[in-house]
Amino acid sequence: MSTQSSTDRKVAIITGAASGIGKALAIRLIDEGWHVACCDLQVEKGEQVVRDLGPNAAFFQCNVIDYDDQARVFTEVFKKWGRLDALLANAGHSDRGSIYILDHRGSSEIPPKPPLISTDVCYKSFLYGVQLAIHFMRKNRTPGGRIVATSTIASVHPHQTFPEYCGAKAAINQFVRTAAPVLKLKDNISLNAILPGIVITGAVPQASIDATDPAHITPVETVVNAYKICLDRENLNGQLIECSTDKHFFLPLPEMANGDATKRACTVWEPLFEAKHHERSGLDGAIQ
Ligand SMILES: NC(=O)c1ccc[n+]([C@@H]2O[C@H](COP(=O)([O-])OP(=O)(O)OC[C@H]3O[C@@H](n4cnc5c(N)ncnc54)[C@H](O)[C@@H]3O)[C@@H](O)[C@H]2O)c1
């Protein structure tokens, strides 16, 4: 049970909310009567967004790759509004360096350590947010909540320009599919991911947009609507929703290539689950 008074409005934390998709999500949730905590590295832009959104929004400067920074924000949000209904883990960054080191050919020097910012912003920060969301959603008057992550179509269909980013976003997908049944069963938290196509935001260079057939652009509304499906639809869990142009596609799991042998390699055996997580999973199909 929560020990402090909580607002009647639902409360969402949105990361990467100073621009692009995150800002569009904040606008929609405010329109629908939520309180929204807009988190971003960019202070000026973020503060302008919440000024435009009015008193039900608040800006929190946050570097999502820093666990303590996220923990501070979650704590402040819960103190301010007394509940946490949703985490929209949307902050992202594509490859900063080039893992192909094409311009290092012929050198005998060890190549410099790759920055791996994309891995940190897209994946590690998402896991930090999930753990903090579990902690705070347990304190809700009715324990539970919803977590939605922004992945990308390029997490399923490889995009060779951004190999690190594709890997980091694919990691989100697999984490979502893996952890969702456990979070639902143990803590009444749903976990889903949205996979947008090309959306016109500051993250996509204008020249790249100019080189794209307008028919292949995904309007930001398609993405926001998919998020809303995850927030509104009871029992939607562990899903990857591709957002392509004006369409949503619920992506199926891959087939098990070797039938029962494949299945056994990814079935929970309760003693091991308990050794790792300190209680049994209770999942249907788990082996006692
Ligand atoms: N635009 C597209 O075509 C497209 C396609 C697929 C997926 N996505 C994903 O959508 C999400 C939103 O991207 P967008 O297109 O709106 O781009 P954007 O650049 O407009 O927004 C990203 C936001 O994340 C913030 N951010 C980056 N690193 C951060 C950090 N360490 N801590 C806190 N905030 C940080 C940025 O300041 C920015 O406001 C990203 O996860 C991106 O990978 C975008």
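Which polar backbone atom is 2.9 Å from an oxygen atom of the ligand? The atom belongs to V199. The model behind this value is predicted.

## Polar contacts to the ligand

Three residues are described here, one by one. V199 uses a polar backbone atom, at 2.9 Å from a ligand oxygen. G197 also uses its backbone: an N or O atom there lies 3.4 Å from an oxygen atom of the ligand. With Q42 the side chain takes part, placing a polar atom 3.0 Å from a ligand oxygen.

## Cover and shell

On its own, the ligand has 820 Å² of accessible area. The protein covers 90% of that area. Two elements each give two or more residues to the surrounding shell: helix 1, spanning 20–31, and helix 5, spanning 163–187.

The shell counts 28 residues around the ligand. D40, N90, Y165, K169 and T201 are the closest. Sorted by class, the shell holds 13 nonpolar residues, 13 polar residues and two charged ones.

## Helix 1 and helix 7

Helix 1, a contributor to the ligand shell, also packs into a helix pair. Its partner is helix 7, residues 220–232. The two axes come within 10 Å. They cross at roughly 55 degrees. Helix 1 is therefore oblique to helix 7, as the angle falls outside the parallel, antiparallel and perpendicular ranges, the last being 65 to 115 degrees. The crossing of these two helices is right-handed.

Methods. Residues are numbered from 1 along each chain as its sequence is written. This is a predicted model: local features need pLDDT of at least 70, side-chain atom pairs count only at pLDDT 80 or more; totals for chains, interfaces and linings use all residues. Side-chain values use heavy atoms; hydrogens and water are left out. A residue is near a molecule or strand if one of its heavy atoms lies within 4 Å of it. A polar contact is a pair of N or O atoms within 3.5 Å; within protein, one must be able to donate a hydrogen and the other to accept it, and residues adjacent in sequence count only if both atoms are side-chain atoms. Accessible areas come from the Shrake-Rupley method with a 1.4 Å probe; for residues, only the protein chains shown count as cover. Helices (H or I, at least four residues) and strands (E, at least two) are DSSP runs, numbered from the N terminus. Ala, Val, Leu, Ile, Met, Phe, Trp, Tyr, Cys and Pro count as nonpolar, Asp, Glu, Lys and Arg as charged, and the others, Gly among them, as polar. Axes are lines fitted to C-alpha atoms, for helices over the stretch in contact, and angles run from 0 to 180 degrees between N-to-C directions. Angles under 35 degrees count as roughly parallel, over 145 as roughly antiparallel, 65 to 115 as roughly perpendicular and the rest as oblique. A crossing is left-handed if the near helix is turned anticlockwise from the far one by less than a right angle, and right-handed if clockwise.
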